[in-house]
Amino acid sequence: MPRKKPRTRMEIYADILLAVDKMGSCDKLSRLAMMVGVPYDRLIRYLSELKNLGLIRWEPYSGVYLTSTGLEVIINAQSNRNNLVLILTKFAQSRARVAT
């Protein structure tokens, strides 16, 4: 049986955003880690990166919520994971250009 191709960072970002959108908010990060399928310590790093992109609001011990930008990105993708990956890739590239 062939192995599944590893997910890209943007695919994991998309899975996190869709999971938070589905849950409404998330105060149990271990549950979010299970839904997304990543280890807890890696989830913390991804949440920090998504927070720096302005897509989520997250403070340790208080929960994870989508920002208006994060919600807008999901709406533009029509909750489709593949569309969301493309939009996130463009979004991250544009943010990287602005930072340099």
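**Salt bridges, a helix face and a loop**

Arg7, Asp15 and Arg81 are linked in a network of salt bridges. The model is a predicted one.

Reader: What makes the contact between Arg7 and Asp15 a salt bridge?

Author: The side chains of Arg7 and Asp15 come to 2.6 Å, N to O. The cut-off for a side-chain nitrogen of Arg and a carboxyl oxygen of Asp is within 4 Å, so the Arg7 and Asp15 pair counts as a salt bridge.

Reader: Why is Asp15 called buried?

Author: Asp15 has a relative accessible area of 16%. Buried means under 20%, so Asp15 is buried.

Reader: And what about Arg7, at 31% relative accessibility?

Author: Partly exposed lies between under 20% and over 50%. The 31% of Arg7 falls in between, so Arg7 is called partly exposed.

Reader: How do you know that Arg81 forms a salt bridge with Asp15?

Author: The closest N and O atoms of Arg81 and Asp15 are 2.6 Å apart, and the rule asks for within 4 Å. This pair links distant parts of the chain, with Arg81 in helix H5 and Asp15 in helix H1 (residues 9-23), 66 residues apart. Arg81 has 29% relative accessibility and counts as partly exposed.

Reader: How many salt bridges are there by this rule?

Author: The count comes to 4. One of them joins the side chains of Lys51 and Glu59, at 2.9 Å, N to O. Lys51 is partly exposed at 33% relative accessibility, and Glu59 is partly exposed at 43%.

Reader: Which residues of helix H4 are buried?

Author: In H4, residues 68-76, the buried ones are Gly70, Val73 and Ile74.

Reader: Why are the buried residues of H4 said to line one face of the helix?

Author: Seen down the axis of H4, the buried residues fall within an arc of 95°, so they line one face. The face turned away from the buried side carries the exposed residues Ser68 and Ile75.

Reader: What is the phi of Gln78, which follows H4?

Author: Gln78 has a positive phi of about 55° although it is not a glycine. Gln78 sits in the loop between H4 and helix H5 (81-99).

Reader: Why is Gln78 called exposed?

Author: The relative accessible area of Gln78 is 66%. Exposed means over 50%, so Gln78 is exposed.

Reader: Why is Ser79 called partly exposed?

Author: Ser79 has 47% relative accessibility. The exposed class needs over 50% and the buried class under 20%, so Ser79 counts as partly exposed. Ser79 is placed in the loop between H4 and H5, and Ser79 has a positive phi of about 55° without being a glycine.

Note on methods
Residues numbered from 1 in each chain as written. Predicted model: local features only at pLDDT ≥ 70, side-chain atom pairs only at ≥ 80, totals over all residues. Heavy atoms only, no water. Buried < 20%, exposed > 50% of the residue type's maximum accessible area, 1.4 Å probe, protein only. Helix = DSSP H or I, 4+ residues; strand = E, 2+ residues; numbered from the N terminus. Arc of directions from axis to C-beta.
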